[in-house]
Amino acid sequence: MSKVMVFDHPLIQHKLSILRDERTSVKEFRELISEIAELMCYEATRNLPLEEVQVKTPVGIATCHRIAGKKLAVVPILRAGLGMVDGMVAMMPNVKVGHVGLYRDPETLEPVKYYFKMPPDITERDVIVVDPMLATGGSAVAAVQFLKDEGVKNIKFMCIIGAPEGIAAMQKAHPDVDIFVAGQDEKLNEHGYIVPGLGDAGDRIFGTK
Ligand code: PRP
Ligand code: URA
């Protein structure tokens, strides 16, 4: 069974409270999504393996540690996942970025794929899939499956708000994929929106409503 890690750092929780507020402007919403992603990235990469290196300083030789092991890629689920990319890249400037385009059919709530573009060496990379919202889990489950079908082995999923239904769906479909979440909410409503959630993340990032 995959692990669910709730990032309850006070800075993340404070920013999340402003993000949820219906009065928060598009500009501020965008900035907050990016800042929360940056803080979550910091926590999510806590266990990256390190290797020892010797560095010549102006004064002597320092024994230091650098990140070892496989390289990383970030894969946002379009559209709303795009809002998290800048924050991730700010923490990991050399990371490569793949894109999965999915939208939820408003009637069936089933994910519909419209775009898939990965770095050519994606199978050699560890991947963090990002999307602010994990509602029914349909989009995240499908995005992770597309990556597995490509041959990606080590995947983690990062969202800002997760519903119990989505977390359970991910754990059932992908028990090998750990989930990072800033807020675990109560439930979904009859339209598949997270309650209390923050509304439609894509619309609030891009000002489309
Ligand atoms: C939202 C959100 C997730 C998905 C979550 O995207 O960004 O991708 O819904 O819902 P699920 O867990 O029930 O699949 P949406 O389909 O609204 O598309 P958008 O990002 O283009 O607005
Ligand atoms: N997608 C969103 O953007 N918000 C929700 O609450 C559910 C799915």
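This passage describes helix 2 and the salt bridges of a predicted model.

Helix 2 covers residues 26–44. At 1.5 Å a residue, its 19 residues should span 27 Å, and the end C-alpha atoms lie 26 Å apart, which agrees. The helix has a good number of neighbours to meet: its buried residues pack against helix 1 (10–20), helix 3 (85–91) and helix 6 (201–206), as well as strand 10 (155–162) and strand 11 (178–184). Among these buried residues are Phe 29, Leu 32, Ile 33, Ile 36, Ala 37 and Met 40. Ser 34, Cys 41 and Glu 43 are also on the buried list.

Turning to charged pairs, the model holds nine salt bridges. One of them lies within helix 2, where Lys 27 pairs with Glu 31 at 3.0 Å between the closest N and O atoms. These two residues are four apart in the helix and are therefore separated by about one helical turn. In an α-helix there are 3.6 residues a turn, so residues three or four places apart point the same way. Lys 27 is exposed at 57% relative accessibility, while Glu 31 is partly exposed at 34%.

Another salt bridge joins Arg 23 to Asp 21, with an N to O distance of 2.7 Å. Here Arg 23 is exposed, with a relative accessible area of 71%, and Asp 21 is partly exposed at 25%. The buried Glu 43 of helix 2 forms a salt bridge with Arg 46, the closest N and O atoms being 3.5 Å apart. Arg 46 itself is exposed, at 57% relative accessibility. Elsewhere, salt bridges with shared partners link Lys 96, Asp 121 and Arg 125 into one network.

How values were computed: Residues numbered from 1 in each chain as written. Chains lettered and ligands numbered in written order. Predicted model: local features only at pLDDT ≥ 70, side-chain atom pairs only at ≥ 80, totals over all residues. Heavy atoms only, no water. Expected span 1.5 Å × (residues − 1). Buried < 20%, exposed > 50% of the residue type's maximum accessible area, 1.4 Å probe, protein only. Contact = heavy atoms within 4.5 Å. Salt bridge = Lys/Arg side-chain N within 4 Å of Asp/Glu carboxyl O.
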